[in-house]
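User: Hey, I've just opened this one and don't know my way around yet. Can you walk me through it?
Analyst: Sure, let's have a look together.

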Amino acid sequence: MDRLELGRVLKTARARLAPGEVGLTAGPRRRVTGLRREEVALLAGVSVEYVVRLEQARGPRPSPQVLTALTRALRLEPDERDQVFRLAGSAPPLRTEIEMSIRPSVLRLLQRLADLPAVVLSAKGDVLAQNPMARALLGDLSRWPAGRRNIVWQRLLGTGCARVAFTPEEETTWTQQAVGLLRTALSRYPDDPELGLLIHELTTGSDRFRTAWEEGRSTVRQSMRKTIDHPDVGRLALDCDTLVLPDTDQSMIVYSAAPGTREASALDALRVIGTEHIPALS
């Protein structure tokens with residue numbers, strides 16, 4: 001337990017929170033910036049002396065229940081809440097459901113990648129968004145049926161990933177990464193119902209996935225090269241890099257090619273023509 005840093009974080013959070021933000025009236029003679037300790041104690045259901053001792057780095061180790069009450073009273077964001085738990089020597093609470101919405105700033109970044117195909121995936125591999133270049137390269141993945149817009153499900157049980165061509169070795173590596181992706185998601189979101197259903201469908205419907213899952217060997221998502229069989233520009237070997245958005249456990253997958261290569265010329269053609277039909281490049 002880091003008492004000094006915990007006290008500093010709690011005091012700073014109290015000072016930046018206005019009474020009106022938590023439904024309290026400031027009053028005409030208010031001298032302090034932010035909330036008073038008495039107000040934090042009232043909102044969290046603890047004694048004022050307890051709040052004082054925590055802020056002065058001389059309090060006992062708070063229980064997870066007290067930490068939850070304090071972080072709620074101080075309106076802390078998930079990352080800030082997790083920091084408070086770690087400073088107090090406790091494991092942060094598990095989040096209940098996987099985030100399926102994308103921050104506006106991430107969407108802006110996705111659209112600014114006009115030269116490169118990019119796709120945003122959820123923590124369990126759901127396709128949340130793709131830019132125009134990704135639609136031109138991979139097809140419009142939003143046309144997958146609702147509830148089936150998941151790259152792992154489509155690769156193993158569906159037909160939506162037909163453009164991605166793997167060698168047997170690459171298929172094995174990809175399956176291990178898929179297992180790693182879902183094991184990580186399960187450890188962080190054990191109560192997410194859609195995640196549990198997805199894992200059940202994969203283990204009962206795919207022998208390859210079930211074997212990899214039962215072996216217990218997995219790996220984190222890694223950057224790799226992928227081969228795309230495009231109906232117009234032919235077979236393209238592209239670099240596939242993963243950018244992680246840690247606060248939501250989402251990932252942005254970006255496809256690119258070295259300048260001067262046939263693949264780079266093909267991406268240039270896709271950028272100009274978009275999703276219209278174009279002849280294959282030789």
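**Finding our way around**

Analyst: Let's start with a strand pair: β1 (residues 118-121) and β6 (residues 250-256) run antiparallel and are joined by four bridges. Keep in mind that this is a predicted model.

User: Which residue in β6 is the bridge partner of A118?
Analyst: That's V254.

User: And in what order do the strands of the open sheet come?
Analyst: The order is β2-β1-β6-β5-β4-β3, six strands with antiparallel pairing. β2 (127-130) and β3 (164-165) each have a single partner strand, so one side of each has no neighbour in the sheet. Those two stand at the edges.

User: Which strands does helix α6 lie across?
Analyst: Helix α6, residues 104-112, lies across β1, β2, β5 (234-245) and β6. Relative to β1, α6 runs at about 155°.

User: OK, before I go on, how confident is the prediction, as in what's the mean pLDDT?
Analyst: The mean pLDDT of the protein is 86, with 92% of its residues at 70 or more. Residues 278-282 are a stretch to treat with care, since there the pLDDT is below 50. That stretch still has 15 contacts in the model beyond near neighbours in sequence.

User: Noted. Switching to helices: which residues of α5 are buried?
Analyst: In α5, which covers residues 78-87, the buried ones are D82, V84, F85 and L87.

User: What do they pack against?
Analyst: Two other helices: α1 (3-15) and α4 (64-73).

User: And what is α5 followed by?
Analyst: By G89, which has a positive phi, near 80°.

User: Let's talk charges. How many salt bridges does the count come to?
Analyst: The count is 18. One of them joins the side chains of E55 and R37, at 2.8 Å from N to O. That pair links distant parts of the chain, with E55 in helix α3 (residues 48-55) and R37 in helix α2 (residues 37-44), 18 residues apart.

User: Is E55 buried or exposed?
Analyst: E55 is buried, with a relative accessible area of 11%. R37 is partly exposed, at 24%.

User: Which residues are linked with R37 and E55 in a network of salt bridges?
Analyst: R14 is, so to speak, the third name on the list: R14, R37 and E55 are linked in a network.

User: What about the R208 and E171 pair, where do those two sit in the chain?
Analyst: Their side chains meet in a salt bridge too, at 3.3 Å, N to O. R208 is in helix α11 (residues 207-215) and E171 in helix α9 (residues 168-188), 37 residues apart. R208 is partly exposed, with a relative accessible area of 36%, whereas E171 is buried, at 14%.

User: And K124, which residue does its side chain meet in a salt bridge?
Analyst: D126, at 2.7 Å from N to O. K124 and D126 are both buried.

User: Last topic: where does S206 lie?
Analyst: S206 is in the loop between α10 (193-205) and α11.

User: Buried or exposed, that S206?
Analyst: S206 is buried, because its relative accessible area is 6% and the cut-off for buried is under 20%.

User: What does S206 touch?
Analyst: Leaving aside residues up to four places away in sequence, S206 touches L156, L157 and E201.

Technical notes
Residues numbered from 1 in each chain as written. Heavy atoms only, no water. Buried < 20%, exposed > 50% of the residue type's maximum accessible area, 1.4 Å probe, protein only. Contact = heavy atoms within 4.5 Å. Pairing = 2+ DSSP bridges. Axes fitted to C-alpha atoms, helices over the stretch in contact; angles between N-to-C directions. Salt bridge = Lys/Arg side-chain N within 4 Å of Asp/Glu carboxyl O. pLDDT = per-residue confidence, 0-100.
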